[in-house]
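Let's take a friendly walk through a protein model and look at how some of its helices pack against each other. Keep the structure open beside you as you read.

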Amino acid sequence: MSKTTEAGAAIEAEGARDWIAPAVIAACGFVAVCAVCWPGFMSPDSVEQLRQARDHIYSDDHPPLMAMIWAVADRLLPGPAGMLLLLNALYWGGLLVCARYWPLPRRARTIAFALVAAFPPLLVNLGVIWKDILMQGALVCVLAAYLRYRRSHGLIPLAVALVFSVLAIAARHNAAAAVWPLLVLFAAEHPRWSSRLARWKRWLGAMGISLALVAVMQQGITRSLAPFVKRQTHFWQVGLLFDLAGMSVVEGELLFDPGARMLRKGVTIGVLSDKYNPRHPGSIFYGRHPVIKHTDDPDQLKAIAQNWARAIRQHPRAYLVSRWRVYRNLLGLSSTPPAYMVFAEIHKNKFGYALAPSPLRDRTVDAFELLAKTPLFRVWLYVFGGVLLFFASAAAFWFGGAPLALGLSLSGLIYHLTFALLSCSDDYRYSLWTITCTVLSACALPASLPEHWRARVSGLLSPRWAASRHQAGPVSHVRAN
């Protein structure tokens with residue numbers, strides 16, 4: 001055998017060994033989640049989406065693509081089980097590729113991703129059939145495609161990223177905020193950029209291109225799925241009416257336009273204050289005696305939007321205070337933790353699905369409920385950590401470092417900011433992608449430092465680690481100008 005052949009065989013063997021540890025981690029995680037959570041947990045939202053999947057009557061209260069996918073999975077494996085397998089295949093498959101191509105030495109990335117895979121705040125909801133889990137799995141796959149693309153600049157990882165970006169945006173209305181920073185990484189990494197173009201111009205152009213691409217995706221998805229939505233609830237009105245209720249409680253007077261007939265007859269500010277709960281809109285919209293009515297009348301919907309905008313202009317302080325009262329619960333800054341933190345049940349449903357007794361599941365849930373009382377599950381810590389990582393990675397990028405940690409932290413923070421503006425409840429699942437980004441950004445920061453910063457750090461480490469870091473290759477193909 002020639003030396004060239006021997007060298008090629010050695011490289012292939014080395015590459016194959018790089019897959020072993022990530023594959024073991026991903027397989028263990030996939031099997032563990034499915035074994036503990038089988039056949040999959042379902043909240044009221046999950047049950048509603050299964051109903052839509054089976055009736056093929058989709059409404060706008062949930063993005064219809066999730067129900068459409070579930071309709072296919074339900075034919076192959078009825079009930080929540082098919083979606084449980086699909087959602088976790090996306091998440092653990094994406095994590096597998098991330099672990100293989102993460103820009104750290106083999107031992108360091110194996111340890112890092114073993115910790116990520118076993119991190120309780122990220123594991124806790126993987127067994128629930130939610131659109132949030134579908135979005136998270138799709139975004140992890142976008143990240144995996146980027147890590148592969150930065151090495152090969154091939155069309156396949158780029159196409160994969162676009163497909164999963166569309167899936168993420170179709171899964172949640174506000175997922176575009178999380179997708180945009182990830183697509184910026186792709187756009188800036190494209191080899192067609194001129195080497196004479198200043199670095200800041202390249203990145204500014206990449207931001208504009210990605211923003212336009214996300215806007216096209218959002219509009220394309222909305223228009224493509226619109227013909228399948230047979231039941232219009234105009235769900236967006238809930239957020240606006242919830243804001244009006246919150247502002248009214250802050251001001252101590254009803255800010256609803258009487259001509260729009262949004263409030264039930266006889267509702268006073270005292271009744272609204274007693275009913276209003278910043279943790280969830282159900283107390284004022286649903287139940288036996290709701291105080292606010294939904295509508296599908298176009299004139300009333302227009303009046304609601306105008307009333308909301310006018311109230312914000314006239315009472316900006318009340319708007320900010322009411323939004324903060326909602327958002328602080330999501331951050332975990334109130335005495336009661338966010339809702340759905342540990343959710344391990346199948347909500348009562350007409351299909352007859354229920355959980356079978358499982359000592360393994362019971363012990364696992366008990367362990368998670370104990371951990372949920374610790375700072376490990378405090379959302380505000382991850383948001384605050386994401387802010388710190390954003391500034392640290394932005395400084396590193398400014399001085400010539402790689403953009404991975406910056407893109408991840410920005411994706412998580414912008415996504416969470418949408419809930420500060422739009423959320424009507426404090427569900428823990430809303431923070432899953434932000435927690436994921438904070439953890440992964442921390443793992444990416446060492447490899448995102450500029451060369452001269454890493455050289456100083458490497459000088460403090462053992463020669464063997466420094467040598468392995470050198471063999472791992474450059475962390476970015478983007479050259480600083």
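**Helices side by side**

Helix α4 and helix α5 run roughly antiparallel to each other, because their axes cross at roughly 160° and any angle over 145 degrees counts as roughly antiparallel. Keep in mind as you look that this is a predicted model. To find the pair, look for α4 at residues 80-101 and α5 at residues 106-117. Their axes come within 9 Å, and the crossing is right-handed.

Which residues of α4 and α5 meet? From α4 come Trp92, Leu95, Cys98, Ala99 and Arg100, and facing them in α5 are Arg109, Phe113, Val116 and Ala117. Sorted by class, this contact has 7 nonpolar residues and 2 charged ones, with no polar residues.

Now move back along the chain to another pair, helix α2 (residues 44-55) and helix α3 (residues 64-76). Here the axes lie 8 Å apart and the helices pack at an angle of about 70°. That angle makes α2 roughly perpendicular to α3, since the range from 65 to 115 degrees counts as roughly perpendicular. As α2 passes α3, the crossing is right-handed.

On the α2 side, the contact is made by Ser46, Gln49, Leu50, Gln52, Ala53 and Arg54. On the α3 side, Met66, Ala67, Trp70, Ala71 and Asp74 take part. The residues of this contact between α2 and α3 divide into 6 nonpolar, 3 polar and 2 charged.

Notes
Residues are numbered from 1 along each chain as its sequence is written. This is a predicted model: local features need pLDDT of at least 70, side-chain atom pairs count only at pLDDT 80 or more; totals for chains, interfaces and linings use all residues. Side-chain values use heavy atoms; hydrogens and water are left out. Axes are lines fitted to C-alpha atoms, for helices over the stretch in contact, and angles run from 0 to 180 degrees between N-to-C directions. Helices (H or I, at least four residues) and strands (E, at least two) are DSSP runs, numbered from the N terminus. Angles under 35 degrees count as roughly parallel, over 145 as roughly antiparallel, 65 to 115 as roughly perpendicular and the rest as oblique. A crossing is left-handed if the near helix is turned anticlockwise from the far one by less than a right angle, and right-handed if clockwise. Contact means heavy atoms within 4.5 Å. Ala, Val, Leu, Ile, Met, Phe, Trp, Tyr, Cys and Pro count as nonpolar, Asp, Glu, Lys and Arg as charged, and the others, Gly among them, as polar.
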